[in-house]
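The exercises below ask you to read a model step by step, and each task is followed by a worked solution. Please try each task with the structure open before you read on.

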Amino acid sequence: MKYGYYPGCSLEKNARAYHVSTMAVAKPLGIEFVEVDDWNCCGATEMIAIEKIPAYALVSRNLALAAKQNGSTNLVAPCSACYLNLKKVDHYLAENKQLKEKVDQALEAGGLSYQPGTINVQHLLETIAVDIGYEAIKEKVVKPLYNLRVAPYYGCLVPRPANMERFDDPEHPTSLDKIIKNLGATVIDFPLKAQCCGGHMTQISENTALELIRRLLKNAADYEADMIATLCPMCQLNLDAYQDAVNAHFGTNYKIPVVYFTQLMGLAFGIPANELGFGKEIVSAQPALDKITEEAPKPVRTRERGKQHTELPMPTQAEEE
Amino acid sequence: MTHTLTSRPSTLLDQVIADTPGKAMNLKACLQCGTCAGSCPSGPDMDYSPRAIFAMLEAGMDEQVLKSNTPWFCVSCYHCMVRCPQEIPITDIMYTLKRRAIAAGYYREPSQENAAEFSETFCDFVENSGRSFELGIAMRYHLRHHPLGAVKMATGMGMKMLSRGRMDITPTRIKNIDQLKSILKKAKELGGEE
Amino acid sequence: MSDIKESPAGQERVGVYVCHCGSNIAGTINVDEVSKWIESNPNVVVSRHYEFMCSSTGQELIEKDIKEKGLTRVVVASCSPHMHEKTFREATQRGGLNPFLFEMANIREHDSWATNNKEAATTKAKALVNAAVERVVHHVPLEKIPVDINPNTMIVGGGIAGITAALELAEAGHHVYLVEREGTIGGHMAQIDKTFPTLDCSACILTPKMVDVGQNDNITLLTYSEVESVDGYIGNFNITVRKKARCVDEELCTSCGICEEKCPQKVLDDNYGAGISYRKAIYRAFPQAVPGYPVLDKENCTYFQTGKCKVCEKVCPTSAIDYEQEDQLINFNVGNIILATGYDLFDARRIPQYGYGRLANVFTSLQFERMVNASGPTGGHIVLRDGVTEPESIAIVHCVGSRDQNYNEYCSKVCCMYSLKFAHLVHEHLPEAEVYNYYIDMRTPGKGYEEFYHRLLKEGTHFIRGKVAEITDADRKPGEEGKLIVQAENTLLGIQQRNAVDMVILSSGIQARHDAEEVSKLFKMGCDYDGFFNERHPKLAPVSTMTDGIFIAGACQGPKDIPDTVAQGGAAASQVAKLISQGTVMMEPVRASIREDECSGCRICNNLCPYNAIEFDEEKKVSHVVTALCQGCGTCVAACPSGVIDGAHFTNTQVLAELKGILWDVEADVPAMEEV
Amino acid sequence: MSDQFEPVIVGFLCNWCSYRAADLAGTARIKYAPNLRVIRVMCSGRVDPQFVLQALRSGADGVLIAGCHPGECHYVNGNIKALRRFTLLRKTLEQWGIEQERVQLLWASASEGTVLAAAVDRMTEQIKALGPLRWSQKVLGGNGAVHPVAEEV
């Protein structure tokens with residue numbers, strides 16, 4: 001299948017591992033990515049805080065370029081912030097006439113135009129979980145990640161907001177859980193899977209950010225996760241690069257590697273680690289990867305904590321299979 | 001602090017509704033239930049909770065609202081927005097309040113200076129190169145505000161990032177930067193707000 | 001066009017009466033002008049305007065003119081026919097004319113109250129009055145249709161609403177069929193421990209009534225049964241009920257309970273037991289069940305699933321177990337129906353951030369009711385999911401699924417009060433435990449309700465004003481480990497609070513039965529967007545529905561507490577009793593009739609009729625209307641390709657004449673189309 | 001009325017929901033365009049397409065058919081039948097060049113006085129914009145001869 005591809009600034013450098021591993025797993029999954037030519041930054045969460053119309057125009061240029069470039073009407077963004085900005089702008093342009101008129105004029109100044117709805121913006125997780133599907137993933141697994149305990153971490157901008165059609169639950173998403181399960185790894189029921197990583201607070205109010213990061217690391221550690229799997233460069237950066245800062249600030253000693261879920265997929269597909277950008281993480285993933293065993297573990301019950309031997313029956317959970 | 005209700009309370013309330021896409025109208029139907037503030041990861045750092053901000057808007061305390069650090073501490077996690085029982089687009093409203101604060105010139109309030117300036121620094125790079133540039137942004141921003149932070153950057157974590165090839169030394173620039181500039185120029189003429 | 005004799009225009013003597021309604025009409029409409037203007041209509045012999053036409057003097061005007069001026073038709077231009085049509089029809093009748101030779105023009109609600117533009121209002125008034133005059137000359141004398149009321153009544157739903165209604169009617173000497181889906185009557189009230197604010201034991205006040213129902217000869221109790229079909233209309237509904245096979249011979253069973261005791265198959269009881277207790281495959285929901293004989297649940301019965309077991313059969317002393325028993329279809333007629341089908345509890349799993357289903361010690365309100373009940377799974381002890389540990393702190397979360405656009409927008413009305421009751425019960429059972437009630441607004445309207453709230457304040461319950469944002473087991477700081485952390489803003493302090501507790505109770509709201517919509521279709525009545533049944537009038541007819549002869553009571557109409565539910569049960573019963581004692585009701589003669597000689601027999605109308613009131617005569621190859629079944633909607637009239645169906649009082653001639661009259665001031669630029 | 005064009009709209013309102021909605025609008029003193037003139041029918045299902053055509057031929061500039069919301073019909077589903085007929089009728093009218101806005105179908109429950117009032121205002125504005133209907137030019141091409149399609153309805 002052919003998809004438009006919007007890497008976004010982070011994947012150029014800071015999140016190179018994400019880009020590399022995405023490309024690596026795309027082949028076996030039969031995905032062809034066509035990068036949007038000369039795309040620009042999506043403005044992250046900053047532009048919209050300064051000026052509205054420029055912020056919308058900035059994103060619209062990318063949509064316009066993607067639409068012009070006849071590859072596919074599906075545009076995939078691996079970065080959560082880019083994904084939300086692209087999707088949101090497309091959504092609100094369609095909804096809000098005055099807004100569209102102004103953005104149209106701005107684009108025109110650059111000899112571009114865009115009709116909302118032309119491009120279907122997808123996050124990479126959606127592409128893989130929904131379009132490709134868990135079965136297809138399972139089929140490609142040659143080196144199951146047995147005995148690796150993974151905390152699936154979604155962050156905020158993929159599951160939320162819910163005011164535009166979403167492919168997963170905004171509070172308790174499960175698509176990443178299912179992908180990792182199918183890779184043979186042990187998925188922990190990570191309570192903070194959709195909580196905030198601190199976003200740009202690392203720059204503005206470090207203490208605020210460090211506390212948010214600490215919560216995630218602590219919770220993952222409490223659940224004895226060997227590593228955290230992310231789908232967002234910002235989340236990866238904050239949890240990985242600031243782990244030392246957290247340890248220094250709170251006198252803790254977390255050493256939890258934070259990798260991209262595509263890197264784990266690559267491993268399971270039998271692609272060598274060095275072709276998947278491993279080693280770029282600041283907290284090394286190696287110790288965790290060494291835990292992977294040949295044979296499957298005995299079925300372990302997830303959610304040990306809080307679930308004592310229950311005299312009273314537990315209610316069944318709808319999405320539990 | 002006593003506050004006298006004027007006959008026609010908030011002008012800001014209506015502006016915010018007008019400037020925010022989506023169901024911003026629901027802001028008038030706020031139940032004051034506090035779900036937003038209860039959900040907010042950075043809530044404890046805000047001088048007023050989001051709920052309180054909405055009550056203040058209703059009461060016409062426009063200046064206090066624009067001077068508060070609340071919107072600038074929003075991490076845009078959208079939890080409040082999906083949980084709000086009245087479906088108020090709270091996160092988007094926070095963005096609008098930031099823009100309003102800048103427009104109203106409360107920009108230099110110590111409570112918001114950092115965040116506003118960071119956003120600004122970020123945007124400068126984007127407008128001039130078409131791409132963001134972590135190192136540059138962080139450096140320039142920190143040098144301007146807390147040199148200590150800059151030092152921390154340059155040493156500790158910054159080095160690690162560089163050594164792992166995760167940071168550029170020089171910004172990348174898109175090919176057709178002129179096109180982007182003229183688009184943004186026109187957009188600015190059209191005004192930040194409707 | 002019609003075979004109904006209609007007087008040709010120009011030869012009727014119409015009296016027109018324009019009402020001032022004080023200044024309500026005269027303030028906007030120039031009544032004098034209207035009244036004078038209409039005189040020019042060839043059919044009008046008298047035209048007056050008067051201050052209050054509905055006053056006795058006003059009505060006498062009409063009667064006098066009919067007698068003295070020999071009026072043959074009457075038109076009153078005043079308020080909505082829904083207001084005073086009856087009044088003026090009676091006046092017309094007293095004057096000596098058939099009441100249906102009257103027509104009303106609504107110049108108040110539809111005109112003077114709807115605009116400030118006097119000129120426009122007056123022009124519109126002329127149009128409406130003229131239309132009435134043009135229409136009324138085509139009216140024909142009609143007689144209301146008397147319908148006999150079958151004195152038997154069906155009540156659907158054996159909760160407290162249905163029980164109350166059934167006993168009221170039965171004790172008044174009328175026969176009642178009480179149909180209940182479950183194996184026993186009792187409904188939600190049977191699950192509840194204590195009732196607010198009096199705290200009397202729910203079972204103690206309910207079970208005697210259940211027994212009365214079981215013993216009353218006037219009540220035919222059909223449990224484990226569901227209504228299959230409903231035909232007919234007020235006075236004479238034909239009902240078919242499916243009595244599901246419970247595999248127990250009701251004649252032989254002595255309700256000794258040995259089968260239940262010996263049955264090896266444990267089943268999670270997520271109905272009566274609210275999902276925190278087990279029952280057997282052959283079971284009675286609870287010991288005081290009425291009727292007392294058990295139900296065998298085939299899905300979970302070892303014998304039905306594997307072909308082996310038959311323990312119950314072996315142990316039954318009267319060999320009442322009958323595996324071959326089949327569903328019975330029971331058919332009977334009733335004059336009236338009361339729906340008391342109750343409510344479902346909101347499913348807290350729909351709010352993942354509250355953790356119900358994932359976090360062991362998050363319970364729903366009904367689960368707590370069962371737990372705190374002496375006959376419940378823990379014998380009335382409040383314990384954590386492990387079944388042993390007593391909680392030291394409990395959070396009670398109000399408004400779960402209520403007052404929320406994401407779930408149910410409405411307030412469920414009872415949650416505040418039962419949450420207060422829970423707090424009290426905790427204080428009573430675990431004096432040492434801390435209780436935190438999280439509320440948005442404390443809603444305690446009702447006799448003794450606010451006082452109960454004050455009592456709880458004194459008992460030391462902590463009240464926190466704030467809707468709970470999330471409940472998690474992800475601890476952040478010491479003291480939170482192994483606890484449930486309830487996170488919310490204390491809106492009165494404006495600060496975010498995290499509260500580590502042992503147990504959380506979710507006060508789930510009330511919502512319409514999952515199958516309410518199918519039920520409303522089965523009974524040909526409406527339900528609102530939330531699935532609650534529509535009452536005829538929100539204030540003046542709260543237990544009637546738009547369908548004559550069908551009444552509603554209790555939570556199926558909207559969230560209600562027990563007192564209100566009981567009151568509605570009684571109200572519905574008295575509505576029915578009234579009709580029974582009347583013996584007959586007079587129905588509007590608005591009915592369809594087919595001119596069989598002109599009917600082409602195309603049968604288009606046959607399937608169109610929602611009441612199957614149109615039959616096809618295979619002999620004559622024509623269709624004809626069963627007047628008794630016809631409700632007069634006129635759909636068939638509009639659909640008949642050969643236009644040979646007449647809707648009495650809404651004939652094509654009458655409507656088209658009204659149309660001609662209403663357009664008096666605009667000139668048609670083509671000749672009127674020949675009527676089809 | 002002022003010399004500007006004031007359309008005349010005939011309303012066929014069902015007795016149980018929409019007529020009561022109009023009553024409620026009045027009782028609540030909601031002010032709306034005085035251009036609607038109401039004819040009561042027991043059910044929107046009673047509205048024979050010929051009523052609509054006759055109204056338009058007789059000089060009405062628009063026709064509003066209003067009934068109970070789907071699922072709330074007093075006669076189970078008369079409103080659905082009205083909907084089916086309406087769809088067909090509208091197609092026919094379009095073939096004759098009669099604008100969609102002139103014939104509208106509305107669901108208004110007995111509690112929706114505001115909904116009905118708003119609909120009347122909206123429709124009045126739309127038709128003002130369209131101007132008078134002038135059936136003879138539009139449908140009969142001015143020559144007075146009855147348009148072939150007309151008879152089939």
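**Exercise 1. State how many helices and strands chain D has, and in what order they follow each other.**

Solution. In this predicted model, chain D contains six helices and four strands. Following the sequence, these elements succeed one another in the pattern β-α-β-α-β-α-β-α-α-α. Burial can be added to this picture, since 60% of the 153 residues of chain D count as buried. Turning to contacts within chain D between residues at least 6 apart in sequence, one finds that 78% of them join residues at least 24 apart.

**Exercise 2. Decide whether helix α1 (residues 18-27) of chain D is enclosed or open, and find what its buried residues pack against.**

Solution. The step of reasoning needs a cut-off, namely that a residue is buried if 20 or more other C-beta atoms lie within 10 Å of its own. By this criterion Ser18(D), Tyr19(D), Arg20(D), Ala21(D), Ala22(D), Asp23(D), Leu24(D), Ala25(D) and Gly26(D) are buried in α1(D). Because nine of the ten residues of α1(D) are buried, the helix is largely enclosed by the rest of the structure. The packing partners come from two chains: chain C provides α4 (81-94) and α5 (108-112), while chain D provides β1 (9-14), β2 (36-41), β3 (62-67) and α4 (113-130). After α1(D) comes Arg29(D), which has a positive phi near 55 degrees.

**Exercise 3. Check the length of helix α3 (residues 78-95) of chain D against its expected span, and then work out how its buried residues are arranged around the axis.**

Solution. Begin with the length: at 1.5 Å a residue, the 18 residues of α3(D) should span 26 Å, and this agrees with the end C-alpha atoms, which are 26 Å apart. Next, list the buried residues of α3(D), which are Gly78(D), Asn79(D), Lys81(D), Ala82(D), Arg85(D), Phe86(D), Leu89(D) and Leu93(D). These residues lie on the same side of α3(D), because they cover an arc of only 140 degrees around the axis. The general background is that an α-helix has 3.6 residues a turn, so residues three or four places apart point the same way. On the other side of α3(D), the exposed residues are Arg84(D), Thr87(D), Leu88(D), Lys91(D), Glu94(D) and Gln95(D). The buried residues of α3(D) pack against α17 (604-608) and α18 (635-639) of chain C, and also against α2 (49-57), β3 and β4 (103-107) of chain D. Just after the helix, Gly97(D) adopts a positive phi of about 80 degrees.

**Exercise 4. Determine which two chains share the most contacts, and describe the side of chain A that takes part.**

Solution. Four pairs of chains are in contact, and among these pairs chains A and B share the most contacts. Their contact involves 57 residues of chain A and 60 residues of chain B. On the side of chain A that touches chain B, α6(A) gives the most, with seven residues. Sorted by class, that side has 27 nonpolar, 17 polar and 13 charged residues. The contact between chains A and C takes 21 residues from chain A and 20 residues from chain C, and here the side of chain A has seven nonpolar, eight polar and six charged residues. Chain D touches neither chain A, where the nearest C-alpha atoms are 20 Å apart, nor chain B, where the closest C-alpha atoms lie 19 Å apart.

**Exercise 5. Give the strand order of the four-stranded open sheet of chain A, and identify its edge strands.**

Solution. The four strands are arranged in the order β6-β5-β7-β8 (chain A), with parallel pairing. The edges are β6 (186-187) and β8 (258-260) of chain A, each of which pairs on one side only. Within the sheet, β5 (residues 149-152) and β7 (residues 227-230) of chain A run parallel and are joined by three bridges. Pro152(A) stands opposite Ala229(A) in β7(A).

**Exercise 6. Establish where Leu359(C) lies in chain C, and whether it is buried or exposed.**

Solution. Leu359(C) is located in the loop between β19 (343-345) and β20 (362-364) of chain C. Leu359(C) counts as buried because it has 20 C-beta neighbours inside 10 Å. The C-alpha atoms of Leu359(C) and Val644(C) are separated by 68 Å, and the two residues are 285 residues apart along the chain.

Key
Residues are numbered from 1 along each chain as its sequence is written. Chains are lettered from A and ligands numbered from 1 in the order in which they are written. This is a predicted model: local features need pLDDT of at least 70, side-chain atom pairs count only at pLDDT 80 or more; totals for chains, interfaces and linings use all residues. Two residues are in contact if their C-beta atoms, placed from the backbone, lie within 7 Å. Ala, Val, Leu, Ile, Met, Phe, Trp, Tyr, Cys and Pro count as nonpolar, Asp, Glu, Lys and Arg as charged, and the others, Gly among them, as polar. A residue is buried if 20 or more other C-beta atoms lie within 10 Å of its own, exposed if 12 or fewer, and partly exposed in between; C-beta atoms are placed from the backbone. The expected span of a helix is 1.5 Å times one less than its number of residues. The arc is that of the directions from the helix axis to the C-beta atoms. Two strands pair if DSSP finds at least two bridges between them.
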